[in-house]
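Open the model in your viewer and switch to a cartoon view. We will go from stop to stop, and at each one you will get something to select and a note on what is there.

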Amino acid sequence: MSHVEHLQELHGLPAFEFPGPDARRELPEAGAVAWRLAVDPYSNSASEAFEALWDRFLDTVDTASVRALVIGSWGEPYDNDSGVVVRRLVDARDRLSGLQAVFIGDLEMEEAEISWIEQSDVTPVLDAYPLLEEFGVRGGSGLRFPAVRHKHLRTLCFEAGGLPGEVVRGVAASELPALEYLELWLGVDEYGGDATVADLAPVLAGGRLPALRHLGLRNSEIQDEIAAAVASAPVVAQLKSLDLSLGVLSDEGVGALLAGQPLTHLSWLDLHHNFVSDPVAERVRAALEPSGVEVDLSEPGDEDEDEDGTVFRYTAVAE
């Protein structure tokens, strides 16, 4: 299965593709959907540039009522970074006065591998929209996220085959007192995912994110190290759900979790796409499910073995 797909909803609103210039389609009320804006740079017919699409959108809908935006392709992803999207969002801040949620980079594998999506410094969007509640980004190439202060952001998500350590450190140093949901796809070093457990330390220590209730540290080739750090992390006590899925989690990491602090207060523990043996999986279930914790240990990960007997394990998303 693909773990990188178009968003079907954002901020509780169904995604709706803003139609092309020649379409004759009735539009929903501006605040009833998450508007998806995307161009097709590979179309056989003349493709509308993203700037033209953006201007047409602002001139067509009731911009003050727009609540959520999903940005898909803004051009050939490996030639054009998301700076054009960031600039347009910043320039439209007075018109998009009711905006509550933004996702930048909603591309599937058929459009571009996740590592091909060229991002940029996305923090100007948060600066321009102080009332924004939800922000997500797909793609780690060129991504920057220096530390920010934002009073109202509740959800922050970065999906990447390789999330730069600089970004993780920026998130960890940010002041986000309302943040309830944090999801980081850390990825692999080959595609720029050079974050370490030490980079995560301010998040794991608790205190910086007092409202945090969900923590996702996903899609990592150092998933066992992360699990061992989480096992004694003070932040876990305040969580309702914990997600360590999509990486190369093995019996070693799960053993560290079981030997660490109690997890029975969680409502949900997501460990799917893993390399955990059946006996260890049963130990997890026996330890947590009687307390009402929903545990997902589905989807064994992919691994190869060479002639020397060396085993290679892969995260769910890389290139």
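**Stop 1: strand S6**

Before you start, keep in mind that this is a predicted model. Begin by selecting residues 134-138, which form strand S6. Is this strand enclosed or open to the outside? Five of its five residues are buried, so S6 is largely enclosed by the rest of the structure.

Now show the side chains. In a regular strand they alternate between the two faces of the sheet. In S6, Glu134, Gly136 and Arg138 are on one side, while Phe135 and Val137 are on the other. Both faces are covered, with all of these residues buried.

**Stop 2: the neighbours of S6**

Add residues 101-104, strand S5, to your selection. S5 and S6 pair in the parallel sense, and four bridges join them. To find one contact point, look for Phe103, which stands opposite Gly136 of S6.

Next, select residues 123-128 for helix H3. What do S5, H3 and S6 make together? They form a right-handed β-α-β unit.

Then bring in S7, residues 155-159. This strand also pairs with S6 in the parallel sense, here over five bridges. Glu134 has Thr155 as its bridge partner in S7.

**Stop 3: the whole sheet**

Zoom out and colour the strands. They belong to an open sheet of 12 strands with mixed pairing, and the order runs S1-S2-S3-S4-S5-S6-S7-S8-S9-S10-S11-S12. Which strands are at the edges? They are S1 and S12 (294-296), each of which pairs on one side only.

Go to the S12 edge and select residues 268-270, strand S11. S11 and S12 pair in the parallel sense over three bridges. Here Trp268 has Glu294 of S12 as its bridge partner.

**Stop 4: the largest pocket**

Turn on a surface. The largest pocket has a volume of about 420 Å³. It is lined by 23 residues, and the ones to select are those closest to its centre: Leu7, Glu9, Phe103, Arg138 and Glu159. You have already met Phe103, opposite Gly136, and Arg138, one of the buried residues of S6.

Which strand gives the most to this lining? S6 does, with four residues. Strands S1, S5, S6, S7 and S8 (181-187) each supply at least two. By class, the lining divides into nine nonpolar, eight polar and six charged residues.

**Stop 5: the second largest pocket**

Select Glu17, Ala38, Val39, Asp40 and Ser47. Among the 22 residues lining the second largest pocket, these lie nearest its centre. The pocket's volume is about 320 Å³, and its lining has 10 nonpolar, six polar and six charged residues.

**Stop 6: a cavity inside**

For a cavity, select Ile114, Ser115, Gly140, Ser141, Ala160, Gly161, Gly162, Tyr191 and Ala318, which line the largest one. It holds about 40 Å³ of space. How many charged residues are in this lining? There are no charged residues, with four nonpolar and five polar ones making up the lining.

**Stop 7: helix H7**

Finish with residues 251-259, helix H7, and pick out its buried residues: Gly253, Val254 and Leu257. They cover an arc of only 95° around the axis, which puts them on the same side of H7. Rotate to the face turned away from this buried side, and you will find the exposed residues Glu252 and Ala259.

Conventions
Residues are numbered from 1 along each chain as its sequence is written. This is a predicted model: local features need pLDDT of at least 70, side-chain atom pairs count only at pLDDT 80 or more; totals for chains, interfaces and linings use all residues. Side-chain values use heavy atoms; hydrogens and water are left out. Buried means under 20% relative accessible area, exposed over 50%, partly exposed in between (1.4 Å probe, protein chains only). Two strands pair if DSSP finds at least two bridges between them. A crossover is right-handed if, with the strands pointing away from the viewer, the path from the first strand over the helix to the second runs clockwise. On a 1 Å grid over the protein atoms alone, a cavity is a set of points where a 1.4 Å probe fits but cannot get out, and a pocket is an open set with protein on both sides within 12 Å along at least five of seven lines; lining residues have an atom within 4 Å of a point. Grid points are joined across faces, edges and corners, and a volume is the space filled by probe spheres set on the points. Ala, Val, Leu, Ile, Met, Phe, Trp, Tyr, Cys and Pro count as nonpolar, Asp, Glu, Lys and Arg as charged, and the others, Gly among them, as polar. The arc is that of the directions from the helix axis to the C-beta atoms.
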